[in-house]
There are 2 protein chains.
Amino acid sequence: MATDNKPILVSAGQLSAFIARALVSAGLPQQDAAKVAHLMAAADLQGSDGHGVIRLPQYVKRIKTGGINTRPNIRIVSERAAMAVVDGDNGMGHLVMSHAVDIAIEKARSAGVAWVGARASNHAGPASLYVRKPVEQDMIALYFAVGNANHLPPWGGMEMLLSTNPIAVGVPAGSGPAIVLDMATTVAAYGKVKAKAKRGEQMPEGWMIDRQGKPLLDPTRAEEGFLLPIGGHKGYGLALIVGLLAGTLNGAAMGRDVVDFNHDHVTPTNTGQAVLVIDLRAFGEPAVFKAAVDRLAHDLHSSERLPGVERIWLPGEQSHQRRQKYADQGIPIPAGLVADLVALAKELDIPALVSEQPPT
Amino acid sequence: MATDNKPILVSAGQLSAFIARALVSAGLPQQDAAKVAHLMAAADLQGSDGHGVIRLPQYVKRIKTGGINTRPNIRIVSERAAMAVVDGDNGMGHLVMSHAVDIAIEKARSAGVAWVGARASNHAGPASLYVRKPVEQDMIALYFAVGNANHLPPWGGMEMLLSTNPIAVGVPAGSGPAIVLDMATTVAAYGKVKAKAKRGEQMPEGWMIDRQGKPLLDPTRAEEGFLLPIGGHKGYGLALIVGLLAGTLNGAAMGRDVVDFNHDHVTPTNTGQAVLVIDLRAFGEPAVFKAAVDRLAHDLHSSERLPGVERIWLPGEQSHQRRQKYADQGIPIPAGLVADLVALAKELDIPALVSEQPPT
């Protein structure tokens with residue numbers, strides 16, 4: 001299986017079923033496992049390959065060592081009309097943030113806008129996963145998270161006190177796909193570095209530097225260096241602010257308190273995340289807003305391009321296209337990752353992930 | 001006066017009084033003029049020299065040509081527990097956003113979090129001005145604005161459909177100054193380009209490119225090129241999202257509808273801005289949060305530095321130091337700008353801005 005170094009192709013359903021089997025075998029209740037597996041497969045389906053099934057071995061390890069609470073009491077610990085703080089009780093981050101988003105949607109429906117933060121959560125996959133549900137209900141959503149390992153020093157510094165702290169924003173559109181921005185505040189997310197390593201590829205210059213300040217290109221040496229923020233001091237500022245909003249404000253880990261979940265599989269991460277939901281209905285007729293978004297998208301798409309540029313993309317369009325393509329043709333799982341998943345299946349004594357034949 | 005090309009030094013009070021005289025002479029009511037002048041001088045006092053008194057000639061021109069409503073009915077047009085949309089009735093942006101911030105503070109006090117957007121507003125100076133008041137009341141504030149001229153094409157494009165759309169965030173601290181991030185989503189704000197031109201300096205490479213994609217260094221040729229976004233496609237995505245949140249959502253100008261207020265002094269700009277206010281009290285004891293911010297600031301400040309770096313800065317610290325220094329020694333007004341202000345005073349038949357002697 002995957003001995004020829006080529007990726008295999010699987011459907012989202014097959015991938016989700018495999019992930020759920022693994023999580024149940026590791027100790028998660030069936031319903032929770034299915035929910036997490038669905039979100040993880042959704043990550044791979046949209047091409048967020050640094051945050052999908054690639055994380056499964058790590059999650060399983062953490063669950064088995066007791067680093068995740070498999071029976072969490074996820075609950076609101078403080079609340080007002082337009083906000084809540086959720087304590088995730090060290091449950092899987094996907095479960096905590098799904099719950100937080102549901103609360104935010106509910107509150108935004110009456111207050112117009114709502115902010116829900118989480119503490120004692122865990123890694124929850126790609127940020128954009130959590131803006132999709134509000135968007136489907138004619139709401140704008142912003143998501144902020146503290147990354148689960150510090151790879152970023154302050155600007156001018158050498159000590160990695162900050163993470164890639166991502167931001168995602170989803171904005172409903174009319175006829176076209178929703179505008180979905182999902183970005184790390186670093187030039188590259190650490191998940192992308194891991195994916196490069198898994199594919200045996202080099203990183204482009206500008207992603208990371210080593211402790212001498214020189215470009216670091218080999219992703220297998222990632223731990224010898226650190227990521228670079230976008231726009232220099234601006235990206236550092238953004239990473240810090242996102243950490244304050246998603247971490248410190250919720251009583252979650254930030255700075256030195258962040259647990260490196262790539263190395264430590266036991267200590268509760270006390271991960272912080274936050275979501276802001278804005279109900280379009282509070283501002284006017286959603287259809288009017290969405291028509292304005294469509295008009296803007298049209299203007300951007302049809303605007304003059306630099307020589308050699310084939311098209312202007314809006315944030316989220318490439319993920320949208322990938323989602324359609326992968327739904328059609330299957331999700332490619334690189335050979336190196338397949339090998340890891342085969343080993344995981346053996347370890348857990350569950351049926352392996354089976355490849356679909358690519359369409360002829 | 002300023003014949004030797006050296007800047008003059010003025011106090012914030014003198015600067016504010018001069019600005020107020022000019023605005024009253026142009027047609028603004030005394031009280032509104034004083035409010036705007038105070039905020040404009042506060043911009044110069046913190047070193048936001050692209051957004052303070054440098055804009056006065058342009059504001060006066062717009063007021064005198066009828067491009068600003070000097071007797072606006074600034075009012076709420078839609079409202080929920082945690083949000084409002086304010087129609088600025090084409091009044092001065094400083095007045096509209098001061099009012100919007102007051103509403104947001106009031107609503108956040110009960111709902112925990114509040115979002116207030118504005119339409120039919122105007123240029124309101126540096127973004128960070130509007131996060132200071134919430135911060136003083138133990139609230140976090142985020143500010144978003146649509147810039148008043150498009151200088152940014154979509155990523156890969158040539159047509160300037162986006163502005164520098166800035167973001168400001170203020171976070172209360174305990175013993176140290178508040179953390180205040182104020183950033184354009186471009187590598188440089190257009191105000192900084194104008195300030196460079198006024199000082200007769202060249203721009204560094206990376207700020208702007210010309211229509212052939214080559215670096216543009218001469219700020220007097222700024223209109224032949226466009227600004228570059230931070231982090232390439234990421235900064236483009238951020239500029240777009242900020243425009244959707246501050247512009248489109250409020251029914252304000254965005255994309256092709258943005259009026260270039262550097263050239264057009266008559267057409268109402270329908271400027272959009274938005275502020276999000278988060279009351280720390282809803283999340284717990286503000287003192288606990290602020291102590292955590294102090295601890296984080298200490299960790300960042302005392303962390304290991306790259307060779308040649310003298311200190312690690314937090315966002316807002318340089319402005320904070322400048323504010324103290326300028327309050328002490330006077331605000332430097334470059335000779336070129338002084339000449340413009342002398343001409344303006346003559347035109348308006350008001351007493352000129354008088355220099356303080358620098359301390360001996």
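Me: Starting with the basics: two strands count as paired if DSSP finds at least two bridges between them. In which sense do strand 3 and strand 4 of chain B pair, parallel or antiparallel?

Reply: Parallel, over 5 bridges. Keep in mind that this is a predicted model. One spot to find in that pairing is Ala84(B), which stands opposite Val116(B) in strand 4 of chain B.

Me: And in which sense does strand 2 of chain B pair with strand 3?

Reply: Strand 2 (residues 75–80) and strand 3 of chain B pair in the antiparallel sense, over 5 bridges. Here Ser78(B) stands opposite Val85(B) in strand 3.

Me: How many residues join strand 2 to strand 3 of chain B?

Reply: The link is a hairpin through 2 residues.

Me: Which residues lie on each side of strand 3 of chain B?

Reply: Met83(B), Val85(B) and Asp87(B) are on one side, with Ala84(B) and Val86(B) on the other, and all of them are buried. That makes 5 of its 5 residues, so to speak of strand 3 as mostly covered is fair.

Me: Where does the chain go after that? I spotted Asp89(B).

Reply: Asp89(B) is in the loop between strand 3 (83–87) and helix 4 (93–111) of chain B. Its phi is near 55°, a positive value in a residue other than glycine.

Me: Is Asp89(B) buried, exposed or partly exposed, and why?

Reply: Partly exposed, because 17 other C-beta atoms lie within 10 Å. Buried would take 20 or more, and exposed would take 12 or fewer.

Me: What about Asp138(B), what's its phi?

Reply: About 60°, so a positive phi although Asp138(B) is not a glycine. You'll find Asp138(B) in the loop between helix 5 (132–136) and strand 5 (139–145) of chain B. Asp138(B) is partly exposed, because it has 14 other C-beta atoms within 10 Å.

Me: Switching to Pro126(B). Where is that one?

Reply: In the loop between strand 4 (113–121) and helix 5 of chain B. Pro126(B) is buried, because 26 other C-beta atoms lie within 10 Å.

Me: Which residues does Pro126(B) contact, leaving aside its neighbours within four places in sequence?

Reply: Ala43(B), Ser48(B), His51(B) and Asp182(B).

Me: New topic: helix 1 of chain B. How far apart are its end C-alpha atoms?

Reply: 21 Å. Helix 1 (residues 12–26) has 15 residues, and at 1.5 Å a residue they should span 21 Å, which agrees.

Me: Which of its residues are buried?

Reply: Leu15(B), Ser16(B), Phe18(B), Ile19(B), Ala20(B), Ala22(B), Leu23(B) and Ala26(B). When you look at the spacing, it helps to know that an α-helix has 3.6 residues a turn, so residues three or four places apart point the same way.

Me: And what do the buried residues of helix 1 of chain B pack against?

Reply: Strand 1 (8–10), helix 2 (30–45), helix 3 (56–64), strand 11 (331–333) and helix 10 (335–348), each of them in chain B. After helix 1 comes Gly27(B), with a positive phi near 135°.

Me: Over to the two chains. How many residues of each are in contact?

Reply: 55 residues of chain A are in contact with 55 residues of chain B. On the chain A side, elements giving two or more residues include strand 6 (167–171), strand 7 (179–183) and helix 8 (286–301). By class, that side has 35 nonpolar, 13 polar and 7 charged residues.

Me: Which residues of strand 7 of chain A point which way?

Reply: Ile179(A), Leu181(A) and Met183(A) point one way, Val180(A) and Asp182(A) the other way, and all are buried. Strand 7 pairs with strand 6 of chain A in the antiparallel sense over 5 bridges, and Gly170(A) stands opposite Val180(A).

Me: What domains does chain A have?

Reply: The domain assignment gives domain 1 (1–64 + 330–360) and domain 2 (69–186 + 229–326). Their centres, taken over C-alpha atoms, are separated by 24 Å. In chain A, 21 residues of domain 1 are in contact with 15 residues of domain 2. On the domain 1 side, the largest share, 8 residues, comes from helix 2 of chain A.

Me: Last one: what scores does the model get?

Reply: ipTM 0.94 and pTM 0.95. Chain A averages a pLDDT of 94, and 98% of the residues score at least 70.

Definitions and conventions: Residues are numbered from 1 along each chain as its sequence is written. Chains are lettered from A and ligands numbered from 1 in the order in which they are written. This is a predicted model: local features need pLDDT of at least 70, side-chain atom pairs count only at pLDDT 80 or more; totals for chains, interfaces and linings use all residues. Helices (H or I, at least four residues) and strands (E, at least two) are DSSP runs, numbered from the N terminus. The expected span of a helix is 1.5 Å times one less than its number of residues. Two residues are in contact if their C-beta atoms, placed from the backbone, lie within 7 Å. Ala, Val, Leu, Ile, Met, Phe, Trp, Tyr, Cys and Pro count as nonpolar, Asp, Glu, Lys and Arg as charged, and the others, Gly among them, as polar. pLDDT is the predictor's confidence in each residue, from 0 to 100. Domain bounds come from an automatic or database domain assignment.
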